[in-house]
There are 2 protein chains.
Amino acid sequence: MPMGGVGEIGKNMFLVEYKEEIIVIDGGLKFPEDDMLGVDLVIPDFSYLEENQDKVKGILITHGHEDHIGALPYILKKVNKPVFGTKLTLGLLEGKLKEHGLLSKVKTNIIKPGSSLNLGKYFKVDFFKVNHSIPDAVGMGIHTPAGIIVHTGDFKIDQTPVDGEITDFQKISELGKKGVLALMADSTNAERPGFTMSERVVGSTIDEIFRLAKDRIIVATFASNVHRLQQVCDAAYKYNKKVCINGRSMVNVVNKSMELGYLNVPSDLLIEINDLDRYNSEEIVLITTGSQGEPMSALTRMANSEHRKVSIVPGDTVVIAASPIPGNEKFVSKTIDNLFKRGAEVIYESVSGIHVSGHASQEELKLVMNLVKPKYVIPVHGEYRHNVHLAKIAESTGVDSNNVIIPEIGDVIEFNKKFAKITGKVNSGSILVDGLGVGDVGNIVLRDRRQLSLDGILIVVVTLQRGTNKVMAGPDLITRGFVYVRESERLISEAKETVEGTLEKCRSQNKKEWSQIKSDIKDDLGRKLYEKTRRRPMILPIIMEIPK
Amino acid sequence: MPMGGVGEIGKNMFLVEYKEEIIVIDGGLKFPEDDMLGVDLVIPDFSYLEENQDKVKGILITHGHEDHIGALPYILKKVNKPVFGTKLTLGLLEGKLKEHGLLSKVKTNIIKPGSSLNLGKYFKVDFFKVNHSIPDAVGMGIHTPAGIIVHTGDFKIDQTPVDGEITDFQKISELGKKGVLALMADSTNAERPGFTMSERVVGSTIDEIFRLAKDRIIVATFASNVHRLQQVCDAAYKYNKKVCINGRSMVNVVNKSMELGYLNVPSDLLIEINDLDRYNSEEIVLITTGSQGEPMSALTRMANSEHRKVSIVPGDTVVIAASPIPGNEKFVSKTIDNLFKRGAEVIYESVSGIHVSGHASQEELKLVMNLVKPKYVIPVHGEYRHNVHLAKIAESTGVDSNNVIIPEIGDVIEFNKKFAKITGKVNSGSILVDGLGVGDVGNIVLRDRRQLSLDGILIVVVTLQRGTNKVMAGPDLITRGFVYVRESERLISEAKETVEGTLEKCRSQNKKEWSQIKSDIKDDLGRKLYEKTRRRPMILPIIMEIPK
């Protein structure tokens, strides 16, 4: 049962259930869509898990990206079960558990890639190493009484990985040889022909940039791409530069990765931001957050001259070693423009080799299909079109087209001896997190925010005498986000006359129901305003009552 | 003086002034940025033109795209001057003038590519044909007493254009030979190496798709790309299919282009949407709007099963012959996903050759530089980074780097015998159009809409007795877009207590100024709500007063 991560990129979470046992794979978050105004993040609706928590034997994590671990604090608060993951993955999760006051309450268990784990009566899980844009990522072979399910996790096949740890082909082949019931495969890059390039390509590009740069270098990338950070540090060391780490999430990941041995740098390579003046600018490399042009990130603040410690100056080389995540294109462009305006040389996406994807392209996916030889294929981790393309890839490697199942969130994919098919649906969907509120923002609140955002609000307040409905004060009209009040005095006074007319009409027709009066105000005033402005602000009539 | 179109893509408008004469080049609009909530469109602030309208000799248009003609109705209402453009350009403008009731009031003059025009005492303008993604596009050689200014307009160099009309190299070389003071060159694609592909490539791809398609074909593209429409119609004719035109803007452009002779189709090729049932599905080609996934467009409605006449069915081939304009990526993806879900085969961007750009890449720009041999270069029609890249291209062809001028909106670029430089700034910027309001939405209104969109509004109404400030009714709390009221009754009742506490405190401290009371309510309540929810709704205290 996918609880998220199918038909979308984000909030990955899968359940595998056999009789009275459930295991959970990942618990990720998703960043809100543009129309989810004011929402901070989105997590899967895990009510099915809550209702069946006695069945849950454990939560297995494939790797430490937000879309795989970000919902776990919210889930673990309600469904506190043991968590299994590799060392770095759990290291990153622990930071989150700490923020949520859960560190001492949740039992985390480190697993090693290549190892196996028995869970409950029915499940045995083999973890195998895969390459991805974060170290310590694993896929899983899940042995169940119905057969083996292979989950690739997020993966690519990097034949020359930075840490030398290649995808565990042996384990995958071994599973394939035993006979695999179903393969859940990462479809994110299923549209892309060929092979995804090795992370080492980025290393060569960075080396070349460092060789040519005459002055200070600033590199922005994803904090969790530890291999890329390693390559930047290696180049800095080679060219006799010092490295300063910038931005909260970057500092966190670097510290955690060094502590756990995933990032190896000489002790005197790193310098503090307050010591920057002690070095010549050509000796300095800044590694920073902000590769997505996020409004509050370090690089964006530098580009806007709002950073307290670092100002961009002519001569700086700024390298944006990332490609924009869909939806962030305009933020990134804006940052690049601002960096150019301050005189920096900016190296970004269009330069080949400064970013490579962490997901497998078509030829890698075919290779995995041929190693695993699954009976059924379930595309995961993609929007619908990605899943369609993965289905085509599966078919091209000989999987029966009837045996590719493209599920929706909440679908129950049932396997038995005769067939595999979608046989039902469980409670599922999205929970919106806004500030401290988890799930208290829903369609009505969002609809109101949307209307407010487009044309603002016009509030009509009037105080009536109880019983007689005589107007004791008002009507007063207050508006926000609708028009400039100063330049629209005439409009507002005409609107007030309209309301007075409506009130008069209600009295003469002896309408006494407030709901009726309010509804008449809304109708009459809405019509008037639309005619005059072609806008539809939210109209909110408020009636106060005082005793006779 | 650029009034728009530099440091941005959109609202192109340039003024050329010599002594007491001004000519205007283009008057375009721009679609609002994400943070311009509720705004419909953006036009240049043309107050400088209004203040100097006696000087204005004419408005010259390069081509008929919205970002070159969309602001003209607004400008012409205030600055009614003769307009000059090619036949199709004026044909498209006239549709807009009609909507705004200006058709009989504005004098439009058709110019022919290759012709010249004397304007005022000082100006002579040579119009030369260029290739672009709309027919009848021109560049201009503007002869002034200070020298010749060449404006490329939006252009590419298509050596095999669909209509056989290639860019007028002769005229451009002739101008170059005379000696050109300044070149204003289209920088949109200055980041792209090589040459932009010919529109004919799209024709071959379309032909191939038509050859292979087994059933109905639906093609979405930009309405104004008449050459592409021609190629679709040609393929339909070749494969014995009928064409049905769909979507308001598509119908408008097709009618206008056929009327003016820019689109040539056999009379029985086109069929009406109501006659679709009279044909077998494999005989049908639909050409439709919606290539950008615009929420109300025909293709989007088809993809969402909301179109009244056309439902997508398995077997349909949908071709999206366009690339997403920055900012529209997610809309387009959503449409593609929905089309796949209904079982259509979807052919889009990632398939090479289904869209080519209308703007010149680096090698074309170099060619133009070498033909024109300008003393000065001014990059236009690009965001800042595009203009920086164009500057580099100019330098690579031998233009002195000091002679490339990257202006901002409103800059006065002054040319005299000794130098060319930015010597001042005139009134300029953006005017936001929202419904019927032109310029009545500004920073305060937008700031309010932004706050309302994030966390909604909480209104506090209380009726006080004049003089004593005794509470006669309320406080009542009304909220929209903040929290689900039903699930937050406790929060709202706590908030009410907070307000009552504040009112009590004000009375006991003998605070009588309403502004003070309101400000105290805002502070106390804001703190309380943030503590409880980590949200900052707009808090709007309203005090009604009744006599003692």
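The paragraphs below lead through a predicted model of two chains, from the arrangement of the copies down to single residues.

It helps to begin with how far the prediction can be trusted, since where pLDDT is low, the predicted coordinates should not be read in detail. In chain A the mean pLDDT is 94, and 99% of the residues reach 70 or more, while for the complex the predictor gives an ipTM of 0.87 and a pTM of 0.89.

Turning to the arrangement of the chains, a turn of 180° with a shift of 0.0 Å along the axis lays chain A on chain B with an RMSD of 0.1 Å. The two copies are thus related as by a two-fold rotation axis. In chain A, the C-alpha nearest this axis belongs to A:Ser453, at 2.3 Å from it. The same surface serves both copies, for 100% of the contact residues of chain A recur in chain B.

Within chain A, helix H6 covers residues 199–212, and its 14 residues should span 20 Å at 1.5 Å a residue, which agrees with the 21 Å between its end C-alpha atoms. Several residues of this helix are buried, among them A:Glu199, A:Val202, A:Ile206 and A:Phe210. The elements that cover the buried residues of H6(A) include S13, H7 and S18, together with strand S16 (284–288) and strand S17 (317–320) of chain A.

Two of these covering elements, S13 and H7, lead to the next residue, because A:Asn225 lies in the loop between strand S13 (217–220) and helix H7 (226–238) of chain A. With a relative accessible area of 2%, A:Asn225 is buried, and, when residues up to four places away in sequence are not counted, A:Asn225 touches A:Ser133 and A:Glu199. The second of these contacts, A:Glu199, is one of the buried residues of H6(A).

An unreviewed UniProt entry lists A:Asn225 under "binding site", and the list also includes A:Gly358. This glycine, A:Gly358, sits in the loop between strand S18 (345–347) and helix H11 (362–372) of chain A, and at 7% relative accessibility A:Gly358 counts as buried, because buried means under 20%. Leaving aside neighbours within four places in sequence, A:Gly358 is in contact with A:Asn131, A:His132, A:Ser133, A:Phe155 and A:Lys156. A:Ser133 is thus touched by A:Asn225 and is also in contact with A:Gly358.

In chain B, the loop between helix H1 (47–51) and strand S5 (56–60) holds B:Asn52. B:Asn52 has a relative accessible area of 17% and is therefore buried, and its side chain reaches the backbone oxygen of B:Tyr48 at 2.8 Å.

How values were computed:
Residues are numbered from 1 along each chain as its sequence is written. Chains are lettered from A and ligands numbered from 1 in the order in which they are written. This is a predicted model: local features need pLDDT of at least 70, side-chain atom pairs count only at pLDDT 80 or more; totals for chains, interfaces and linings use all residues. Side-chain values use heavy atoms; hydrogens and water are left out. UniProt positions are given in the numbering used here, feature names are shortened, and annotations may be inferred rather than shown by experiment. Helices (H or I, at least four residues) and strands (E, at least two) are DSSP runs, numbered from the N terminus. Buried means under 20% relative accessible area, exposed over 50%, partly exposed in between (1.4 Å probe, protein chains only). Contact means heavy atoms within 4.5 Å. A polar contact is a pair of N or O atoms within 3.5 Å; within protein, one must be able to donate a hydrogen and the other to accept it, and residues adjacent in sequence count only if both atoms are side-chain atoms. pLDDT is the predictor's confidence in each residue, from 0 to 100. The expected span of a helix is 1.5 Å times one less than its number of residues. Copies are superposed by least squares on the C-alpha atoms of residues with pLDDT of at least 70 in both.
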